[in-house]
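Hello,

Here is the structure I promised to pass on. Please open it first, then read my notes below.

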Amino acid sequence: MKRALFPGSFDPITNGHEDILLRALPLFDEIIIGVGFNSEKKFMFSLDERINFIKKTFKKYKKVKVKSYDGLTINYCKTIEANFILRGLRNPADFEFEKAIAHTNRKLSGIETVFLLTSAKTSFVSSSIVREIIKNKGDYNELVPPSVLS
Ligand code: ADP
């Protein structure tokens, strides 16, 4: 069984996350979206809200499960028996950051990280930009799946 963990904060889920997840579906038998609840990080949306947005977005995909986790991503991978980590890459800054983490994770656990390049149409989207628009009462309709808006 090829099971991947797609870890992130998803604060909130964006069209960029959705694009990566949907394009990864044919590659794996199951993808667990792991929503981090790192207590030191301040989130705009609660863990429950973030999970609900994701559940609604992917409710018709049986291969997709949504869970929350804390602590080291590789430890959680072992717990759920995921042998791959899925991550999206938008730009060289993402690559530099992700490279060190992926090397470390593979050295410590043997778990491979699979990267998908973002689609051109969502390459500029980030949760932090969406949060900034929300704070300033702007229109973020075109940046997130409908589940975040309802
Ligand atoms: P984290 O706090 O771990 O960076 P995020 O929720 O911001 O969590 O991102 C989770 C994953 O989704 C990361 O691999 C990130 O690179 C990817 N991602 C975020 N936005 C996009 C996007 N617009 N296109 C492609 N991948 C993205």
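**The ligand and its pocket**

A backbone N or O atom of Val 125 lies 2.7 Å from a nitrogen atom of the ligand. Keep in mind that this is a predicted model.

Two side chains also reach the ligand. Ser 9 places a polar side-chain atom 2.7 Å from a ligand oxygen atom. In Thr 118, an N or O atom of the side chain is 3.1 Å from a nitrogen atom of the ligand. On its own, the ligand exposes 550 Å². The protein buries 87% of that.

Next, the shell. There are 16 residues around the ligand. The nearest are Ser 9, Phe 10, Gly 88, Thr 122 and Val 125. By type, the shell holds five nonpolar, seven polar and four charged residues. Three elements each supply at least two residues of this shell: strand 1 (3-8), helix 1 (15-24) and strand 4 (84-89).

Where does the ligand sit? The space it takes is the largest pocket. That pocket has a volume of about 1,200 Å³. It is lined by 45 residues, and Pro 7, Gly 8, Ser 9, Arg 87 and Glu 98 are the closest to its centre. Ser 9 therefore deserves a look from both sides, as it is on the list of residues nearest the ligand and on the list closest to the pocket centre.The lining draws on many parts of the chain. Strand 1, helix 1 and strand 4 each give it at least two residues. So do strand 2 (30-36), helix 3 (73-80), helix 4 (92-109), strand 5 (112-117) and helix 5 (127-135). Which element gives the most to the lining? Helix 4 does, with eight residues. By type, the lining divides into 17 nonpolar, 19 polar and nine charged residues.

**One loop to check**

Look at the loop between strand 1 and helix 1. Phe 10 is found there, and Pro 12 has its place there too. Most residues other than glycine have a negative phi, and most peptide bonds are trans. This loop holds an exception to each. Phi of Phe 10 is near 50 degrees, a positive value. The peptide bond from Asp 11 to Pro 12 is cis, with omega near 0 degrees. Phe 10 is also among the residues that come nearest to the ligand.

I suggest starting your tour at Ser 9, with its polar side-chain atom 2.7 Å from a ligand oxygen atom, and then moving on to the loop with Phe 10.

Best wishes

Methods
Residues are numbered from 1 along each chain as its sequence is written. This is a predicted model: local features need pLDDT of at least 70, side-chain atom pairs count only at pLDDT 80 or more; totals for chains, interfaces and linings use all residues. Side-chain values use heavy atoms; hydrogens and water are left out. A residue is near a molecule or strand if one of its heavy atoms lies within 4 Å of it. A polar contact is a pair of N or O atoms within 3.5 Å; within protein, one must be able to donate a hydrogen and the other to accept it, and residues adjacent in sequence count only if both atoms are side-chain atoms. Accessible areas come from the Shrake-Rupley method with a 1.4 Å probe; for residues, only the protein chains shown count as cover. On a 1 Å grid over the protein atoms alone, a cavity is a set of points where a 1.4 Å probe fits but cannot get out, and a pocket is an open set with protein on both sides within 12 Å along at least five of seven lines; lining residues have an atom within 4 Å of a point. A molecule sits in a cavity or pocket if more than half of its atoms lie within 2 Å of its grid points. Helices (H or I, at least four residues) and strands (E, at least two) are DSSP runs, numbered from the N terminus. Ala, Val, Leu, Ile, Met, Phe, Trp, Tyr, Cys and Pro count as nonpolar, Asp, Glu, Lys and Arg as charged, and the others, Gly among them, as polar. Grid points are joined across faces, edges and corners, and a volume is the space filled by probe spheres set on the points.
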